[in-house]
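Okay, everyone, thanks for coming. Let me put the structure up on the screen, and then I'll walk you through a few spots in it.

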Amino acid sequence: MSDTLQDGAVYPAPGPSPIATAAFPLELNVLDHYTLIVEDAAAVARFHEEVLGFKSLRIQEVNAGSAPDGEYDMLNHVMQIPGTSKRVMVITEGLTDDSIFRRYMRENGPGVHHVAYEVDDLDKCLSLLHENNIKTTSDQVLKDPLTGLRQVFIDRAHSGYFVELIERTEQAA
């Protein structure tokens, strides 16, 4: 059973989980980061810095695949969450009409794209998810090209946003 909300997305209905098994809950460690997708990353970053006390750590231009070599289709403002030294929020803006981020925002509007949690054994988590028919965006563990961290995204159909599970390696600390 599910509910369709005003935005047209279908979210699970409240109540007992149809996937409750001895394998769950997954063993999550700490919240690592969350990512917003917005129209104007600089303006949203400025608000978080000036009003909410976030600290700007870096700005990254990235080619996630829709821009020609040497050009960028994504802009990230990486912001330190107040009261923490290691937790961040990433504010993402699609820079080209064909970027996955601009397409996502056109379809879903601005807001939280994903929340990321560290796990100790990503391969085990992915196996448990697939064994229990929990949809992920890929059938295998992916490696982030910027940071080297290993990652899997649980499809947003389960929670209304993507959940990223990450395993940091020594080079992706």
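Before I start pointing at things, one bit of vocabulary: when I say helix or strand, I mean a DSSP run, with at least four residues for a helix and at least two for a strand, numbered from the N terminus. Also keep in mind that what you're looking at is a predicted model.

So, first stop: Leu52. You'll find Leu52 in the loop that links α1, residues 41-50, to β4, residues 55-62. Is Leu52 buried, exposed or something in between? Its relative accessibility is 42%, so we call Leu52 partly exposed. And Leu52 has company: together with Phe47 and Val51, Leu52 makes a nonpolar surface patch of about 280 Å².

Okay, let's move along to strand β10, residues 162-167. How many of its six residues are buried? Six of the six, and that's why we can say β10 is largely enclosed by the rest of the structure. Look at which way the residues point: Phe162, Glu164 and Ile166 go one way, while Val163, Leu165 and Glu167 go the other, and all of them are buried.

Now, which strands pair with β10? One is β7, residues 111-119, which runs parallel to β10, with five bridges. If you want a residue to click on, Val115 has Val163 of β10 as its bridge partner. The other one I'll show is β9, residues 150-154, and here the pairing is antiparallel, again over five bridges. There, Gln151 is bridged to Ile166 in β10.

Last stop, the loop between α3, residues 122-131, and β8, residues 142-143. Gln140 sits in that loop, and so does Ser138. How do they compare for accessibility? Gln140 has 54% relative accessibility, and the cut-off for exposed is over 50%, so Gln140 counts as exposed. Ser138 comes out at 14%, and buried means under 20%, so Ser138 is buried.

These two also meet each other: a polar atom in the side chain of Ser138 is 2.8 Å from the backbone oxygen of Gln140.

And what else do they touch, setting aside residues up to four places away in sequence? For Gln140, that's Leu126 and Val152. For Ser138, it's Leu126 and His130. So Leu126 turns up in both lists. Gln140 and Leu126 are 14 residues apart along the chain, and their C-alpha atoms are separated by 7.7 Å.

That's my tour, so over to you.

Terms used. Residues are numbered from 1 along each chain as its sequence is written. This is a predicted model: local features need pLDDT of at least 70, side-chain atom pairs count only at pLDDT 80 or more; totals for chains, interfaces and linings use all residues. Side-chain values use heavy atoms; hydrogens and water are left out. Patches are made of residues with over 30% relative accessible area and no salt bridge: like charges are joined within 9 Å, nonpolar side chains (Val, Leu, Ile, Met, Phe, Trp, Tyr) within 5 Å. Accessible areas come from the Shrake-Rupley method with a 1.4 Å probe; for residues, only the protein chains shown count as cover. A salt bridge is a side-chain nitrogen of Lys or Arg within 4 Å of a carboxyl oxygen of Asp or Glu. Buried means under 20% relative accessible area, exposed over 50%, partly exposed in between (1.4 Å probe, protein chains only). Contact means heavy atoms within 4.5 Å. Two strands pair if DSSP finds at least two bridges between them. A polar contact is a pair of N or O atoms within 3.5 Å; within protein, one must be able to donate a hydrogen and the other to accept it, and residues adjacent in sequence count only if both atoms are side-chain atoms.
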